[in-house]
Every structure is written in structure tokens, then in C-alpha cells.
Amino acid sequence: DIKYLMYAMASPQFQSLVIKHSTGVTRKRISKNNLIKLPFPFPPLTEQNRIVNRVDVLFEIIDSIEKSLN
């Protein structure tokens with residue numbers, strides 16, 4: 001599920017791993033070889049769909065709260 005990949009890669013846990021394995025002085029980046037070595041959670045597709053649906057619902061709640069505050 002492409003949305004699962006997007007959410008998983010944007011997660012603080014994965015971003016922390018990327019930063020930890022990034023190199024460079026002026027511009028930190030991660031090489032393809034280091035990126036490939038990072039552990040990445042791949043649950044079954046049904047679980048990926050369940051996670052995506054739950055995250056989407058939570059984002060809808062956040063949007064609703066944000067609108068009510070404005």
C-alpha cells in the first residue's frame with residue numbers, strides 16, 4: 001500500500017533512523033546503500049490497510065479540531 005509506505009517513512013521512528021545514518025558536513029543525506037540496510041516494517045497488506053485507515057481517521061479528527069479552533 002503506497003499510503004502505508006508514505007506514513008511509515010514519515011514516522012518519527014524511521015526519520016530518526018535516517019538521520020542517525022546520514023552523513024555530510026554542510027548537507028546531511030543518506031546513501032542508497034545505507035538506506036537499503038535500514039529495517040522497515042512490512043506487515044501483511046490487511047494490516048497495512050488497517051493502519052492507513054486509522055491514520056486517515058486520526059488526521060480527519062485533527063483537521064476537524066483545527067477548523068473549530070480557527
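With a relative accessibility of 37%, L58 counts as partly exposed in this predicted model, and the residue is found in helix α4, which spans residues 45-69. L58 also takes part in a nonpolar surface patch of about 450 Å², to which V57, I61, I65 and L69 contribute as well.

Charged pairs form the next topic. Side chains of opposite charge can pair when their charged atoms come close. A search of the whole structure finds 2 salt bridges, and these are set out below with their N to O distances.

| Salt bridge | N to O distance |
|---|---|
| K3 and D56 | 2.9 Å |
| E47 and R50 | 2.8 Å |

In the salt bridge between the side chains of K3 and D56, K3 comes from helix α1 (residues 2-10) and D56 from helix α4, so the pair ties together parts that lie 53 residues apart in sequence. K3 is partly exposed, its relative accessible area being 34%, whereas D56 has a relative accessible area of 19% and is buried, because the cut-off for that class is under 20%.

The salt bridge between E47 and R50 is placed otherwise along the chain: both residues lie in helix α4, where they are 3 residues apart, or about one turn of the helix. E47 is partly exposed at a relative accessible area of 28%, and R50 is likewise partly exposed, with a value of 48%, which falls in that class because exposed residues must be over 50%.

Notes
Residues are numbered from 1 along each chain as its sequence is written. This is a predicted model: local features need pLDDT of at least 70, side-chain atom pairs count only at pLDDT 80 or more; totals for chains, interfaces and linings use all residues. Side-chain values use heavy atoms; hydrogens and water are left out. Patches are made of residues with over 30% relative accessible area and no salt bridge: like charges are joined within 9 Å, nonpolar side chains (Val, Leu, Ile, Met, Phe, Trp, Tyr) within 5 Å. Accessible areas come from the Shrake-Rupley method with a 1.4 Å probe; for residues, only the protein chains shown count as cover. A salt bridge is a side-chain nitrogen of Lys or Arg within 4 Å of a carboxyl oxygen of Asp or Glu. Helices (H or I, at least four residues) and strands (E, at least two) are DSSP runs, numbered from the N terminus. Buried means under 20% relative accessible area, exposed over 50%, partly exposed in between (1.4 Å probe, protein chains only).
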